[in-house]
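I opened the notebook to record what I looked up in this structure. The entries are kept in the order in which I checked things.

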Amino acid sequence: MTSLKIPASVPSASRSAYRQNYAQLTNNSGRLLLIAGDQKVEHLNDDFVGAGISLEDASPEHLFKIAAASNGGVLATHLGLISRYGHDYRQVPYIVKLNGKTNLGTDEKNSAKLWWTVEDIIDFKQQSGLKIVGIGYTIYLGGATEAKMLAKAARAIFEAHQAGLTAIIWVYPRGKNIKEEDIHTIAGAAGVAAALDADFVKIKYPYNLKDQKTTATKYQEAVKAAGRTKVICVGGDKRSVTQLLDSTDKQLKISGTFGLAMGRNLHQRSLEEAAKLARALGAIIFKQKTAKEATAIYKQKTTSSKSSGFLGLF
Amino acid sequence: MTSLKIPASVPSASRSAYRQNYAQLTNNSGRLLLIAGDQKVEHLNDDFVGAGISLEDASPEHLFKIAAASNGGVLATHLGLISRYGHDYRQVPYIVKLNGKTNLGTDEKNSAKLWWTVEDIIDFKQQSGLKIVGIGYTIYLGGATEAKMLAKAARAIFEAHQAGLTAIIWVYPRGKNIKEEDIHTIAGAAGVAAALDADFVKIKYPYNLKDQKTTATKYQEAVKAAGRTKVICVGGDKRSVTQLLDSTDKQLKISGTFGLAMGRNLHQRSLEEAAKLARALGAIIFKQKTAKEATAIYKQKTTSSKSSGFLGLF
Amino acid sequence: MTSLKIPASVPSASRSAYRQNYAQLTNNSGRLLLIAGDQKVEHLNDDFVGAGISLEDASPEHLFKIAAASNGGVLATHLGLISRYGHDYRQVPYIVKLNGKTNLGTDEKNSAKLWWTVEDIIDFKQQSGLKIVGIGYTIYLGGATEAKMLAKAARAIFEAHQAGLTAIIWVYPRGKNIKEEDIHTIAGAAGVAAALDADFVKIKYPYNLKDQKTTATKYQEAVKAAGRTKVICVGGDKRSVTQLLDSTDKQLKISGTFGLAMGRNLHQRSLEEAAKLARALGAIIFKQKTAKEATAIYKQKTTSSKSSGFLGLF
Amino acid sequence: MTSLKIPASVPSASRSAYRQNYAQLTNNSGRLLLIAGDQKVEHLNDDFVGAGISLEDASPEHLFKIAAASNGGVLATHLGLISRYGHDYRQVPYIVKLNGKTNLGTDEKNSAKLWWTVEDIIDFKQQSGLKIVGIGYTIYLGGATEAKMLAKAARAIFEAHQAGLTAIIWVYPRGKNIKEEDIHTIAGAAGVAAALDADFVKIKYPYNLKDQKTTATKYQEAVKAAGRTKVICVGGDKRSVTQLLDSTDKQLKISGTFGLAMGRNLHQRSLEEAAKLARALGAIIFKQKTAKEATAIYKQKTTSSKSSGFLGLF
Amino acid sequence: MTSLKIPASVPSASRSAYRQNYAQLTNNSGRLLLIAGDQKVEHLNDDFVGAGISLEDASPEHLFKIAAASNGGVLATHLGLISRYGHDYRQVPYIVKLNGKTNLGTDEKNSAKLWWTVEDIIDFKQQSGLKIVGIGYTIYLGGATEAKMLAKAARAIFEAHQAGLTAIIWVYPRGKNIKEEDIHTIAGAAGVAAALDADFVKIKYPYNLKDQKTTATKYQEAVKAAGRTKVICVGGDKRSVTQLLDSTDKQLKISGTFGLAMGRNLHQRSLEEAAKLARALGAIIFKQKTAKEATAIYKQKTTSSKSSGFLGLF
């Protein structure tokens, strides 16, 4: 990560802080394994209790255990959870998600408002001593709240950069007649993130198309449109470990993305399973291993001894 | 209460204040008997005058008398009433309710706005010398005002914690097709409170299901979803003393909740009756008595002598 | 008025100011004769020119002349009029009305916004040297703007108290299916004022019911619901002097109210008539005279000599 | 103008500034010739190019030339134009119009928002050295934006007075079933301006009624309702010079108004014609000449010599 | 550019900064070649990838390369892109576009909100050392958001001028029954820009009318209506080089405009083609060459040697 291009919106006095936050965010690799932990709000308890979901997932602490065991992942979640568990998981780098909405009801919900100001996050980082490395914000393009979201995101990113924090945005086109899985549309979303000065943008990936190699090639449009803002793909619906490792490998090697975001595909598994999967993904993302090599890592026996990789973090 | 986990959003300079407020809030027990006194706004005069309601309930002072006699309860009400009666009931700890709406009319009412800022409350606490131990805020999930409420609540809780105040939120899913008494939905509401960094969350409890023991067991989902945010249940419609003590006992012992909120079930009774009931509930909540033991306490004769438990507070 | 209970929202540094403002507001009696002068906005020119209205009422100065001659009344009006006439009527105590709306058109009008901040009023009082004793604000309960109004009122009252100013609110339930003259509903409005920390609340009175003594007795519900916030009744439609004095007497002696608000019933009369009526009402309110005694006062000949009661104020 | 009543909202430190601004505003007469120059926004280019409109009107500079030649008129326009031409027309006093809307489209447009804060105007006056003598603001009564407009106007006027600036408001009842030309309704609008503390209020005048003398007499209702806020009438549709001088004379002498506002009736003429008309109107307004005398002044030959009245300003 | 009229809203302390920014903005000519680079938001990826579009256009860096090669053009784009590429293209002057909306969905989108405050831009300029010469803002007249846009634009322009920055606004009438290509309507838009104090206004031009010479003559109405605010025309749909040079020549020489804005007509070409076209346009705009002379410049062979005009900038 010797070649980090610091955006001009980071003033010189904040550049060393930005470098440090960026390094912690990306496990010193310039690439990102994002553990998405904002579903307590987005999907209420639907993602945490139910058929095929590990009983360990019932408590929010499960997210922190996975992050701690992930060997390089960053946990993106709301401030409340970090406030409650952060001091017990000091090794984990955190992205504070600044907005959100539930899946209840049918009303269109405006979730543009920031729950906390960037200044609050800066205070929180300093007071807590936790590795708060940046902010996260979700934008829906195409609807009545687009304008508010764009304005809030732009300002939040600018304020984050001013203080040396990194900024990640989730950008999803939404609404009637909008093809959410169309690569050209997704590329547009990526370009918006570039105009907003995001460091990373989390966008959709069409996992269900037949020819995954062709898809990964076409997906270069989105990576190019994002310019120097780095693209990470959403993890998508629950898939097998083999499929996950394979698609991640193709995204990074063919499309040119810079990492992956994983939510349900991690936390609905037991801690042991999730940790193995995270380590395998990390091998692809951080160490440029192939899908095959990563599968071998996934299949390694883990031990609970102090010398093991992920439990040593506790 | 030796093991109080102070949230990371309380800076070190405010930790001793938070400890003191938390101790006063929970009667040094880590558990909570909340006397809900915001119905002057929520239900206008409907809860205070009518058939089966004690004549003593006509004046708002009744709430303060009950709180003073409750031996450990905290009164949650709007600042106006505390401003008028607080100096005559200095022993009572108060939660200042920051929002509210009436039951008049059919328009959907947006009650997201804070009536007072947290800064106002901090000033008020310091100026008045009253035991203002925290703030309260009601959120309705699922409707058009959800986003505003989430943002206002998150910020208010953060500001309260910054100053060492505690924060309690009422979280109710509301709207078409939303099952307000479904435990899985309630658990979702509890999880939102955790994401918001609330100290306690007041949520619904399905009192009308047949098998109360099974219900209490299933209700563990909500307690787990709330993580380190503590769950208290609403008191519900008027029920017999036996039912109240029994359900409270099951909630604490089986579900793992941390207390109870009581409104009409207390203040619609005479002061004498309300005080007896509050003391019995307190025995379960603060001293882990059984429902049976609490019933015995309820049946004890109270005296007006100085040595009696609750009148000694005056 | 030795027993004034100062609300806890008045900090110690502002208590002597509050005492003085309260004394001027209530003519040293703890009770209030409010001359309602906000109709230039609320009813445009309809209340000031027309059949049965004194020609003297065409100019806004008429309101000031009446207030000066009322021997104890306070004039509640918008800042503009006080700014223009106040220096010529320095003896009059003023309540600055902070919001308002016209009767034009059919759109629902949101009149929640404050025309001036409380800080503006504090500056204005200090700069002008006028007897600005408090603020006034109107709330409509039950409609789409209820939430905004409650929040604005709560904050304005708090700010007023912080500076030692008094606060009066007008509270009117409004909308479909809302019985504006139902005492139970009115009592609810009074309770809301208590939750908001108002010093006085101006509410409706059902003047048209047959048995006025029974009505006055039932109206105790509203006075009780208001707790330590004092109730004053609106003056209502134009009625005879006998009716006005009689109903006021019953309100104070039977219902337990603390005064009266008078608009059209005063200013649509000539200055001479209005002054006589105001003095008679003042006798009931400030000196606890009976309706009969007040009628005698009303019938006294007034002189324009310096020694006369009300003209001596000029 | 020895008897200027300074409103109480002008603090003592700003009184001399207010006196000076008021004197410049009114050409030392206490009465006002307002050159309305906000149509670039209100009517786009419709008022400036077309049949019967002087070619000179195509450029906004025409407004400034007329104002400079008017011998006592004040130009009310948006800050942008003053910013561009003011330094070339330093003799002209300016009212900065703070809001506006176009005539495009059918949507109801909310033009309550201030384009510049009063603080901006104060800075602009001081920085530019121009004769910025006050602010202007348009209110529409009766519609959905009434409340916002009233609140914005009240605050802007207060802030202007605090700094010694004068304030003029345009008040127009608008909407279904509202009779815009009814004198009683217009009088209501005038009364609102008084409640808002405006120095001058610009209101409609029913120019099309048959008996203009009776109309002028009835119009006294509006002047009385405005109290100490001074009434000026709008100029209305394009009329002949004779009609203009005659109606202005009647308004001042019979109705008791304090001046006139002129837009299209001035700037759609050539500079020479407009200057002659302005001087004739000024004779009525500033020097209490009769319509007949003013007509004679209008017919005087003007010269471009330095000794002439209005060109001497250049 | 010896005759630059500095607007009165630029205080004396900021005049030298304004002069410098204005000189950089206009290539020392008082006229402007604006490279419009806000389509990443306005049209998502539609303008950058597709039939007839150079592959070089897939990355946002293409815009910067064109600007650098344009020999006098200014790049108007969102802060995010400048933040990412600005330090590699330090010679380019930048206009920061402050608002924007996407072309997704059918909802009317309110894009009035500023993504960054003018204060942010001032900080950004100072911190980055980049040639940030001014701000840009788009207004739609005629719709529900007109009022917000006018107010935001006015304030932003004022703040920019206060700091010595220049301000350019895009003004487009939009909506039912509005003739967007009607010169009289366009002239109205130009007049609004003058009222707002813009330095340059970007407006439509009816490129599709038959007689382009007559059109250019009629278009003088817009230039006159804008007063001292300078008009630049949008580039319009993709046209041939000959057409582009010819219409630009007529706009400047006949209509009296002060430059041109070019988006797709530049960046959809290869860098080499775009650079040639930009230089030819610059010859007309900056050096008053004829269309014929500019065509000759366009046809010149460019070299990549250091001594060549546009590559020397790298």
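The entries below go from chain arrangement to interfaces and then to single residues.

**Entry 1: status of the model.** I note first that this is a predicted model.

**Entry 2: how the copies are related.** I asked what turn lays chain A on chain E. The superposition takes a rotation of 72 degrees with a shift of 0.0 Å along the axis. The RMSD of that fit is 0.0 Å. The two copies are therefore related as by a five-fold rotation axis. I then looked up chain B on chain A, where the turn is 72 degrees, the shift along the axis 0.0 Å and the RMSD 0.0 Å.

**Entry 3: pairs that do not touch.** I checked chain B against chain D and found no contact. The closest C-alpha atoms of chain B and chain D lie 17 Å apart. Chain B and chain E do not touch either, and for this pair the nearest C-alpha atoms are 17 Å apart.

**Entry 4: chain A against chain E.** How many residues of chain A are in contact with chain E? I find 41 residues of chain A in contact with 38 residues of chain E. The two chains bury about 3200 Å² between them, and 58% of that area is on carbon and sulfur atoms. I count 6 salt bridges across the interface of chain A and chain E. One that I looked up joins the side chains of A:Asp197 and E:Arg84, with N to O at 3.0 Å. Polar contacts across this interface come to 18 residue pairs, both residues at pLDDT 80 or more.

I next asked which helices of chain A supply the side that touches chain E. At least two residues each come from α1 (15-25), α6 (146-162), α7 (183-196) and α9 (220-225) of chain A. The largest share is that of α6(A), with 10 residues. By class, the side of chain A that touches chain E has 20 nonpolar, 11 polar and 10 charged residues.

**Entry 5: chain B against chain A.** I repeated the lookup for chain B and chain A. Here 41 residues of chain B are in contact with 39 residues of chain A. The buried area is about 3200 Å², with 59% of it on carbon and sulfur atoms. Across the interface of chain B and chain A I find 6 salt bridges. In one of them the side chains of B:Arg155 and A:Asp120 meet at 2.5 Å, N to O. I also find 18 residue pairs in polar contact across this interface, both at pLDDT 80 or more.

On the side of chain B that touches chain A, α1 (15-25), α6 (146-162), α7 (183-196) and α9 (220-225) of chain B each supply at least two residues. The largest share, 10 residues, comes from α6(B). I sorted that side of chain B by class and got 20 nonpolar, 11 polar and 10 charged residues.

**Entry 6: D:Ser83.** I looked for D:Ser83 and found it in helix α4 (residues 79-85) of chain D. Is D:Ser83 buried or exposed? Its relative accessible area is 2%, so D:Ser83 counts as buried. The side chain of D:Ser83 makes a polar contact of 3.0 Å with the side chain of E:Asp197. Leaving out residues up to four places away in sequence, D:Ser83 touches D:Phe124 in chain D, and E:Pro7, E:Ala8, E:Ser9 and E:Asp197 in chain E.

**Entry 7: D:Asn99.** D:Asn99 is in the loop between β3 (94-97) and α5 (118-128) of chain D. I note D:Asn99 as buried because its relative accessibility is 1%, and the cut-off for buried is under 20%. What does the side chain of D:Asn99 reach at 2.9 Å? The partner is the backbone oxygen of D:Thr138. Beyond neighbours within four places in sequence, the contacts of D:Asn99 include D:His78, D:Ser111, D:Lys113 and D:Trp115. D:Gly136, D:Tyr137, D:Thr138 and D:Met149 are also among them.

**Entry 8: helix α1 of chain E.** I asked which residues are buried in helix α1 (residues 15-25) of chain E. Among them are E:Tyr18, E:Asn21, E:Tyr22, E:Ala23 and E:Leu25. After α1(E) comes E:Asn27, and I noted its positive phi, near 55 degrees.

Key: Residues are numbered from 1 along each chain as its sequence is written. Chains are lettered from A and ligands numbered from 1 in the order in which they are written. This is a predicted model: local features need pLDDT of at least 70, side-chain atom pairs count only at pLDDT 80 or more; totals for chains, interfaces and linings use all residues. Side-chain values use heavy atoms; hydrogens and water are left out. Copies are superposed by least squares on the C-alpha atoms of residues with pLDDT of at least 70 in both. Contact means heavy atoms within 4.5 Å. Buried area is the accessible area (1.4 Å probe) that two parts lose on being put together, summed over both. A salt bridge is a side-chain nitrogen of Lys or Arg within 4 Å of a carboxyl oxygen of Asp or Glu. A polar contact is a pair of N or O atoms within 3.5 Å; within protein, one must be able to donate a hydrogen and the other to accept it, and residues adjacent in sequence count only if both atoms are side-chain atoms. Helices (H or I, at least four residues) and strands (E, at least two) are DSSP runs, numbered from the N terminus. Ala, Val, Leu, Ile, Met, Phe, Trp, Tyr, Cys and Pro count as nonpolar, Asp, Glu, Lys and Arg as charged, and the others, Gly among them, as polar. Buried means under 20% relative accessible area, exposed over 50%, partly exposed in between (1.4 Å probe, protein chains only).
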